[in-house]
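Please open the model in your viewer and keep the sequence panel beside it. The stops below say what to select next and what is to be found there.

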Amino acid sequence: MDRAPGLSVRLKLTLSYAGFLMLAGTLLLAAMLVFYLYYLPDGWLYTSGDFWINRPLLLRSFAPFMALVLAFLLVFGLAGGWLLAGRMLAPLTRITDATRAAANGSLSHRISLPGSQDEFRELADAFDTMLARLEAHVAEQQRFAANASHELRTPLAITQTLLDVARNAPQRDTTELVDRLHTVNTRAIDLTEALLLLSRADQRAFTREHVDLSLIAEEATETLLPLAEKHGVTLETFGDMTRTVGSRALLLQLTTNLVHNAIVHNLPEHGAAWVTTTVYPGTVVLTVESTGDRLAPQLVATLVEPFRRGTERIRTHRSGVGLGLAIVKSITQAHAGTLTLTPRPTGGLCVTVQLPAWA
């Protein structure tokens with residue numbers, strides 16, 4: 001932004017210090033003069049050494065002294081104010097340099113301002129925290145863009161290969177080819193829709209309304225009950241009425257993703273999943289717990305990353321597009337909530353979503 005040139009803050013503070021010092025000195029000298037004039041009687045007053053004085057003579061004698069003192073205060077105020085202002089504004093200079101570095105793309109730079117807590121150090125710490133979050137967000141977006149490009153390129157490359165095969169062998173039966181193209185195209189559509197949903201949640205472009213999380217949990221489990229029966233998973237839902245504020249469609253997507261993961265990433269047979277809603281003071285909690293293989297905490301910590309499928313526990317035909325828990329995390333953050341993934345001691349996963357309650 002182009003601005004008209006003006007005085008620097010350091011110069012403004014210097015002039016302020018000098019002006020205040022001059023004003024204080026003037027008031028002090030004026031008070032002294034008034035004090036002497038008040039107690040000096042009219043006419044001439046004899047003092048020791050045959051020295052006579054009256055009010056006009058006192059004023060003429062005091063004026064040069066007053067001018068000399070004010071000149072000294074002016075020089076002292078300007079020099080001292082310039083040094084003090086520079087010392088006081090030194091942290092602001094470091095903050096400005098860090099801001100310019102961040103504007104040029106250097107998000108790894110930190111101010112790390114030493115010393116005890118004050119307004120400048122509080123500003124520097126807040127700026128460092130913002131830079132750390134921004135750097136992590138940019139790195140995450142870069143990884144996401146790279147992974148999304150790779151995931152979208154895969155079905156397109158398969159489609160190109162199948163079309164080349166069909167063009168080079170025109171007499172070949174196309175039934176199998178059409179089926180495979182349909183499967184690949186469906187996967188590409190699912191991936192694109194998941195990316196759009198993730199972007200919508202990240203941008204928080206939705207209308208907020210009052211919703212009951214327990215009803216959403218019941219709807220999600222009823223929708224996925226046939227899938228649970230197909231995989232041999234016992235699905236149970238119970239809990240309290242949990243009222244919150246948010247997008248019903250996004251919260252339904254969140255719950256559906258969690259329940260779907262609990263079903264397809266379960267034991268090969270005789271698995272179980274439990275969906276619970278609980279009310280606490282100021283918060284509502286949705287818990288989806290499922291049986292399954294034992295999971296390492298290091299693996300669980302990475303499951304919310306985009307396109308992380310947890311291949312150690314997921315079979316190929318269940319892999320999906322790898323955005324299920326990433327979408328859950330984004331929707332949770334868009335609703336000012338917290339997402340917690342915890343491995344169960346006996347195997348499986350426990351996912352907890354905590355959202356603000358409807359007051």
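What percentage of the 359 residues in the chain do buried residues make up? Buried residues come to 35% of the 359, where buried means under 20% relative accessible area, exposed means over 50%, and partly exposed lies in between, with a 1.4 Å probe and protein chains only.

Before selecting anything, note that this is a predicted model, in which local features need pLDDT of at least 70 and side-chain atom pairs count only at pLDDT 80 or more, while totals for chains, interfaces and linings use all residues. Residues are numbered from 1 along each chain as its sequence is written, and side-chain values use heavy atoms, with hydrogens and water left out.

**The whole chain**

Colour by secondary structure, and the chain shows eight helices and nine strands; helices (H or I, at least four residues) and strands (E, at least two) are DSSP runs, numbered from the N terminus. Among contacts between residues at least 6 apart in sequence, 69% join residues at least 24 apart, a contact being heavy atoms within 4.5 Å.

**Helix 6**

Select residues 248–264, which form helix 6. Helix 6 has 17 residues and reaches 24 Å from its first C-alpha to its last, close to the 24 Å expected at 1.5 Å a residue, where the expected span is 1.5 Å times one less than the number of residues. Of the 17 residues of helix 6, 12 are buried, so this helix is largely enclosed by the rest of the structure. The buried residues of helix 6 include Leu250, Leu254, Leu258 and Ala262, and also Asn257 and Asn261.

**Helix 5 against helix 6**

Add residues 213–230, helix 5, which packs on helix 6 at an angle of about 40° with the axes 9 Å apart. Axes here are lines fitted to C-alpha atoms, for helices over the stretch in contact, and angles run from 0 to 180 degrees between N-to-C directions. Helix 5 and helix 6 are therefore oblique to each other, given that angles under 35 degrees count as roughly parallel, over 145 as roughly antiparallel, 65 to 115 as roughly perpendicular and the rest as oblique. The crossing of these two helices is right-handed; a crossing is right-handed if the near helix is turned clockwise from the far one by less than a right angle, and left-handed if anticlockwise.

Show side chains at this contact: the residues of helix 5 that meet helix 6 include Leu213, Ile216, Ala220, Leu224 and Leu227, and their counterparts in helix 6 include Leu251, Leu252, Thr255, Val259 and Ile263. By class, the contact of helix 5 with helix 6 has 12 nonpolar, four polar and two charged residues, with Ala, Val, Leu, Ile, Met, Phe, Trp, Tyr, Cys and Pro counted as nonpolar, Asp, Glu, Lys and Arg as charged, and the others, Gly among them, as polar.

**Helix 8 against helix 6**

Now select residues 324–334, helix 8, which packs with helix 6 at an angle of about 145°, the axes again being 9 Å apart. The crossing of helix 6 and helix 8 is left-handed. Here Leu250, Leu251, Gln253, Leu254, Asn257, Leu258 and Asn261 in helix 6 meet Gly324, Leu325, Ile327, Val328, Ile331 and Thr332 in helix 8. The residues of this contact divide into eight nonpolar, five polar and no charged.

Helix 8 is mostly covered, with eight of its 11 residues buried; among them are Leu325, Ile327, Val328 and Ile331.

**Two residues with positive phi**

Just after helix 8, select Ala336, which has a positive phi of about 60° and is found in the loop between helix 8 and strand 8 (338–343). At 60% relative accessibility, Ala336 counts as exposed.

Move to His270, in the loop between helix 6 and strand 6 (271–280). Phi of His270 is near 60°, a positive value in a residue other than glycine, and His270 is exposed, at 70% relative accessibility.

**Trp358**

Which residues does Trp358 touch, not counting residues up to four places away in sequence? Select Trp358 in the segment after strand 9 (349–356), and its contacts are His210, Arg243, Thr244 and Val245. The C-alpha atoms of Trp358 and Val245 are separated by 5.9 Å, although their positions lie 113 residues apart along the chain. Trp358 is partly exposed, with a relative accessible area of 34%.

**Helices 1 and 2**

Finish with Ser16 in helix 1 (residues 9–39), which counts as partly exposed at 46% relative accessibility. The C-alpha atoms of Ser16 and Gly77, 61 residues apart along the chain, are separated by 9.1 Å. Ala67, in helix 2 (residues 55–103), is 41 residues from Thr26 in sequence and 9.6 Å from Thr26 in space, C-alpha to C-alpha.
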